[in-house]
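Could you walk me through this protein chain, starting with its overall build and then turning to a few details? A friendly tour in plain paragraphs would be welcome.

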Amino acid sequence: MKSTNALSACVDIFITPTKAFNGIKEAKGWSWLAFALIITALVASSYLFYSKADPQFLLEQQVAAATVDATIGEKKMIRQSMEQGIDQQVWFAIGGGIFGLIIINALISGYYLLVSKQDPEANYGYGAWYGFGFWAMMPMIISSLGVIALVLTASTNELSINLFNYASVNQLLLGLELGHPFYTMTESLNIFSIWGIALAAIGLTCWTNFSFNKALLFAALPSIVIYGIWTVIALV
């Protein structure tokens, strides 16, 4: 079975991802809708957050995070630098988010293209894998909707910058404090990124002749390498 159009694929990717990926591999242009939805959700959540959040409260958090091991003089310089861009934070967040999304997907798509070469029958070009990458990122939409819900229901404008990481391993399970060696790493790993890995594995089984275990290994390998290196650095 396969999705019949781009809109149905956007629904199927969350319910029956196999149908979505089967439809995507035989269609052209569907991935633009996935990209547009991800970007729209990202922009909406970022704009809403920074529009409601107290800029000075955000600044204090950002300075604290950036000056954990800094001297008094360095803290003063960092604070002055951040204060200059306080009114443009929302645009930096939106621009950085979109740029980062495009670049990360460009890299991961090259990786998918490389590993697909192990299957002689998987004759998909880089463009196809670039679109594939956006479908594997679709959980980001749910993540952004969660941010929007949290902002709209907040009873104060003193919002934590870590609200964007509300589904992180740290906030859900560990509760590590700022300054802990594993704080940043566990804040960056969340259930939506894990969901994305699972989607990528399912997609690889649909687009190649890989077994699910092999596809899961390939889908998770970039994260395993990144977090493995991050763990070693944190331990040093």
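Here is a short tour, going from the whole chain to its helix contacts and then its cysteines.

Please keep in mind that this is a predicted model. The chain holds 12 helices and zero strands, so if you follow the elements from the N terminus on, they read α-α-α-α-α-α-α-α-α-α-α-α. Along its principal axes, the C-alpha trace spans about 60 × 40 × 30 Å. The chain has 236 residues, and 40% of them count as buried. Look too at how the chain meets itself: among contacts with a separation of 6 or more, 65% come from residues 24 or more positions apart.

Now to the helix pairs. Two packed helices are described by the angle between their axes and the distance between the axes. Let us begin close to the start of the numbering, with helix H1 (residues 6-15) and helix H2 (residues 17-24), whose axes come within 6 Å and cross at roughly 140°. That angle makes H1 oblique to H2, because only values over 145 degrees would count as roughly antiparallel. On the H1 side, the contact is made by Ala9, Asp12, Ile13 and Ile15, and on the H2 side by Pro17, Lys19, Ala20 and Phe21. Sorted by type, the residues of this contact comprise six nonpolar, no polar and two charged.

A second pair to find in your viewer is helix H7 (residues 126-136) with helix H11 (residues 191-207). Their axes come within 9 Å and cross at roughly 140°, and H7 and H11 are therefore oblique to each other. The crossing of H7 and H11 is right-handed. From H7, the residues in the contact are Ala128, Trp129, Phe132, Trp135 and Ala136, while H11 brings in Gly196, Leu199, Ala200, Gly203, Leu204 and Trp207. This contact of H7 with H11 divides into nine nonpolar residues, two polar and no charged.

Finally, the cysteines. How many disulfides are there? The count comes to zero, where a disulfide would need a pair of cysteine sulfur atoms within 2.5 Å. Cys10 is in no disulfide, and the nearest cysteine sulfur to it, that of Cys206, is 16 Å away. Is Cys10 buried or exposed? Cys10 counts as buried, because its relative accessibility is 8%. Cys206 is in no disulfide either, with the sulfur of Cys10 as its nearest cysteine sulfur at 16 Å. Cys206 also counts as buried, because its relative accessibility is 12%.

How values were computed: Residues numbered from 1 in each chain as written. Predicted model: local features only at pLDDT ≥ 70, side-chain atom pairs only at ≥ 80, totals over all residues. Heavy atoms only, no water. Axes fitted to C-alpha atoms, helices over the stretch in contact; angles between N-to-C directions. Helix = DSSP H or I, 4+ residues; strand = E, 2+ residues; numbered from the N terminus. Parallel < 35°, antiparallel > 145°, perpendicular 65-115°, else oblique. Left-handed = near helix turned anticlockwise from the far one by under 90°. Contact = heavy atoms within 4.5 Å. Nonpolar A, V, L, I, M, F, W, Y, C, P; charged D, E, K, R; others polar. Buried < 20%, exposed > 50% of the residue type's maximum accessible area, 1.4 Å probe, protein only.
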